[in-house]
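Subject: Model for you to look at

Hello,

Here is the structure I promised to send over. Please open it alongside this note; my findings follow below.

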Amino acid sequence: MQSQLVCNGCRSILLYPRGASNVCCALCNTITSVPPSGMEMAQLICGGCRTLLMYTRGATSVRCSCCHTVNLAPGKNQAAHVNCGNCRTTLMYPYGAPSVKCAVCHYVTNVSVSLLLFSPICAIFSLAFPDF
């Protein structure tokens, strides 16, 4: 299973295997340290400017550094939606999952990549720590 984090250099999303301690960005060659295992990351789209935000899972709100909108973070049991990358069927999945498999055509849609196609990246790390 892969995890993701934001590059400290160019702010792009980096995928890495669990257990890695550092990740080297293929775009800018910056080495980014992997956060401790208890600090899982989640994503949401800013309601003000539609920017992809990353934050520490368990935070209750996230402020966008681009437009300064305060966004409410979804709770543990909320679901998210994405269109299948193959047949465009609307798929529902647990919020924060890295990918979802379509029940109609069996295509696996990478959630973070599908979001990146439509919005710029702006990483936000909240000060809240996970409560689980």
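How far apart are the end C-alpha atoms of residues 46-70, and what share of the span is helix and strand? The ends lie 8 Å apart, with 0% helix and 36% strand in between. Please keep in mind that this is a predicted model.

**The annotated spans**

That stretch comes from a record. The unreviewed UniProt entry places "domain: Zinc finger LSD1-type" on residues 7-31, 46-70 and 84-108. Residues 7-31 are 0% helix and 36% strand. Their end C-alpha atoms are 8 Å apart.

**Cores**

The largest nonpolar core has nine residues. They are Ala 42, Leu 44, Cys 46, Leu 53, Tyr 55, Ala 59, Val 62, Cys 64 and Ala 73. Strands β5 (41-45) and β6 (52-56) each give at least two residues to this core. Another core lies apart from it and has eight residues. Ala 80, Cys 84, Tyr 93 and Val 111 are among them.

**Cysteines**

How many disulfides does a search of the whole structure find? The count is zero. Two cysteines are worth a look here. The sulfur of Cys 49 has its closest cysteine sulfur in Cys 64, at 3.7 Å, which is too far for a bond. A disulfide needs the two sulfur atoms within 2.5 Å. Cys 49 is partly exposed, at 28% relative accessible area. For Cys 87, the closest cysteine sulfur is that of Cys 102. The distance is 3.8 Å, again too far for a bond. Cys 87 is partly exposed too, with 32% relative accessibility.

Is Cys 25 buried or exposed? Cys 25 is buried, at 1% relative accessibility. Cys 25 sits in the loop between β3 (22-24) and β4. Leaving out residues up to four places away in sequence, Cys 25 touches Cys 7, Cys 10, Ser 12, Leu 14 and Thr 30. Leu 15 is 10 residues from Cys 25 along the chain, and their C-alpha atoms are 9.5 Å apart.

**Thr 32**

Strand β4 (residues 31-33) holds Thr 32. Thr 32 has a relative accessible area of 2%, so this residue is buried. A polar atom of its side chain lies 3.1 Å from the backbone nitrogen of Asn 8. Beyond four places in sequence, Thr 32 touches Leu 5, Val 6, Cys 7, Asn 8, Leu 14, Asn 22 and Val 23.

**Arg 63**

Arg 63 belongs to strand β7 (residues 61-63). What does the side chain of Arg 63 reach? The partner is the backbone oxygen of His 68, at 3.3 Å. Arg 63 and Cys 46 are 17 residues apart in sequence. In space, their C-alpha atoms are 8.6 Å apart.

**The β9/β10 hairpin**

Strands β9 (residues 79-83) and β10 (residues 90-94) run antiparallel, joined by five bridges. His 81 is opposite Met 92 of β10. Six residues separate the two strands of this hairpin. Arg 88, in the turn, has a positive phi of about 70°.

Best wishes

How values were computed:
Residues are numbered from 1 along each chain as its sequence is written. This is a predicted model: local features need pLDDT of at least 70, side-chain atom pairs count only at pLDDT 80 or more; totals for chains, interfaces and linings use all residues. Side-chain values use heavy atoms; hydrogens and water are left out. A nonpolar core is a set of buried Ala, Val, Leu, Ile, Met, Phe, Trp, Tyr and Cys residues joined through side-chain atoms within 4.5 Å. Buried means under 20% relative accessible area, exposed over 50%, partly exposed in between (1.4 Å probe, protein chains only). Helices (H or I, at least four residues) and strands (E, at least two) are DSSP runs, numbered from the N terminus. Two strands pair if DSSP finds at least two bridges between them. UniProt positions are given in the numbering used here, feature names are shortened, and annotations may be inferred rather than shown by experiment. A polar contact is a pair of N or O atoms within 3.5 Å; within protein, one must be able to donate a hydrogen and the other to accept it, and residues adjacent in sequence count only if both atoms are side-chain atoms. Contact means heavy atoms within 4.5 Å.
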